[in-house]
Amino acid sequence: MSTRREPNQYAMQNPLTQYPRPPFPDQPQSPPGIDQDMVPKPDHGEKSYQGFGRLEGRKALITGGDSGIGRAAAIAYAREGADVAINYLPSEERDARQVIELIEAEGRKAIAIPGDLKDEAFCVQLVRSAHEQLSGLDILVNVAGKQEAQKDLADITTAQFDDTMKTNIYAMFWLCKTAVPLMPAGATVINTASIQSYDPSATLLDYATTKAAIVAFTKALAGQVIGKGIRVNAVAPGPIWTVLQPSGGQPQEKIPTFGSQVPMKRPGQPAECAPLYVLLASQESSYITGEVFGVTGGNPLP
Ligand code: NAD
Ligand code: MG
């Protein structure tokens, strides 16, 4: 076993004080935002995540793999022994480069495939290209998402509504549709829902609608593909400290107190989501499909 890394996310400790608590500084960015410019910097497990060979030799495609929750999953997968392809928007290249270096530092293959998931042809090409460059595809992780807060229904333009639906639902549909025929028995799909799937904020009407749809899609697809030996599950995070939030995901005045509304009184870190993405990808979760798992700081899923 390799030496422990710091901060040690495996040592028993009080979860309330394990990570930064509000207040946080104002830090507006324009979407999709750059993760490494956040204050304080999110923890994606760069220094802490320790692999145990749970994904040895697996081949994974992770959308939104440049930053936040997707970055944490990418780091964890590489440390568990997987080769990883990540997708992100071209404007996020600076974040993506760091992730590519972190994957390669584990001696794993890292493939960068930037592009816009709102485009069906790109989604098809993304899966085919990842499958070809990784010489197979065992794990599809849909993490990319668009969240743009609006206080009034009148302020949600048709263009915004379209973009939120395309990014959060259509892309998942196109990617799954292309990936499933290429996947072997034992493969897994992991979607990213939200506490918003069940308890929508008034300011996140279009976003919460997509997150509820992701839960239904996950369960329906799980029922369809289990006959092929493919499992499909979802992770539903609560407030997580990622650049999605200060780049328009929340009204800016909510950033200083972000996370204070949950029982743990702090946002979660991407590193605290990664272990679920690993579990659901690994054979350890062999009897689990069609489920949604919360990482919410104490607001349980219904
Ligand atoms: P993030 O900003 O780090 O990740 C979102 C990613 O989505 C971006 O990095 C970007 O690469 C990708 N993306 C957005 N539009 C895209 C497009 N058109 N084409 C390609 N890629 C695109 O933030 P995050 O919080 O890690 O978000 C990851 C997922 O977690 C999202 O699905 C989000 O809805 C979900 N989530 C986040 C929270 C939270 O509080 N942060 C809570 C619940 C669910
Ligand atoms: Mg990003």
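**View 1. Ligand 1 and its polar partners: an oxygen atom of ligand 1 sits 2.6 Å from an N or O atom in the side chain of S67.** Welcome to a predicted model, in which local features need pLDDT of at least 70 and side-chain atom pairs count only at pLDDT 80 or more, while totals for chains, interfaces and linings use all residues. Residues are numbered from 1 along each chain as its sequence is written, chains are lettered from A and ligands numbered from 1 in the order in which they are written, and side-chain values use heavy atoms, with hydrogens and water left out. On the nitrogen side of the ligand, a polar side-chain atom of D116 lies 2.9 Å from a nitrogen atom of ligand 1. T242 joins in as well, with an N or O atom of its side chain 2.6 Å from an oxygen atom of ligand 1. On its own, ligand 1 has 800 Å² of accessible area, and the protein covers 96% of that (Shrake-Rupley method, 1.4 Å probe; for residues, only the protein chains shown count as cover).

**View 2. The shell around ligand 1 holds 31 residues.** To belong to this shell, a residue needs a heavy atom within 4 Å of the ligand. Which residues come nearest to ligand 1? They are S67, E92, V143, Y207 and T242. By type, the shell divides into 14 nonpolar, 12 polar and five charged residues. Here Ala, Val, Leu, Ile, Met, Phe, Trp, Tyr, Cys and Pro count as nonpolar, Asp, Glu, Lys and Arg as charged, and the others, Gly among them, as polar. Helix 1 (68-79) and helix 5 (205-225) each supply at least two residues of the shell. Helices (H or I, at least four residues) and strands (E, at least two) are DSSP runs, numbered from the N terminus.

**View 3. The magnesium ion (ligand 2) is coordinated by D66, S67 and E92.** The donor atoms are OD of D66, OG of S67 and OE of E92, at 2.1 to 2.2 Å. Along the sequence, these donor residues follow the spacing D-S-x24-E. D66 and E92, 26 residues apart, link distant parts of the chain: D66 sits in the loop between strand 1 (59-63) and helix 1, and E92 in the loop between strand 2 (83-87) and helix 2 (93-105). Donors are N, O and S atoms within 2.8 Å of the metal (3.2 Å for Na, K and Ca), and water is not among the atoms, so sites may look incomplete. D66 is buried, at 1% relative accessibility, and E92 is buried at 8%. As for the labels, buried means under 20% relative accessible area, exposed over 50%, and partly exposed in between (1.4 Å probe, protein chains only).

**View 4. C123 and C176 are two cysteines without a disulfide.** How many disulfides does the count give? The count is zero, where a disulfide is a pair of cysteine sulfur atoms within 2.5 Å. For C123, the nearest cysteine sulfur is that of C176, 10 Å away. The view from C176 leads back to the sulfur of C123, also at 10 Å. C123 is buried at 0% relative accessibility, and C176 is buried with a relative accessible area of 2%.

**View 5. Two cis peptide bonds precede prolines P32 and P40.** Most residues other than glycine have a negative phi, and most peptide bonds are trans. The bond from P31 to P32 is cis, with omega near 5°. Between V39 and P40 the bond is likewise cis, with omega about -10°. P32 is found in the segment before strand 1, and P40 also lies in the segment before strand 1.

**View 6. S135 and K265 are non-glycine residues with positive phi.** S135 has a phi of about 60° and lies in the loop between helix 3 (120-133) and strand 4 (139-142). Is S135 buried or exposed? S135 is exposed, with a relative accessible area of 57%. K265 has a phi of about 60° too; its place is in the loop between helix 6 (245-249) and helix 7 (270-281). At 45% relative accessibility, K265 counts as partly exposed.

**View 7. N191 makes a side-chain polar contact with N142.** The two side chains meet at 2.8 Å. A polar contact is a pair of N or O atoms within 3.5 Å; within protein, one must be able to donate a hydrogen and the other to accept it, and residues adjacent in sequence count only if both atoms are side-chain atoms. N191 is found in strand 5 (residues 188-192) and is buried at 0% relative accessibility.
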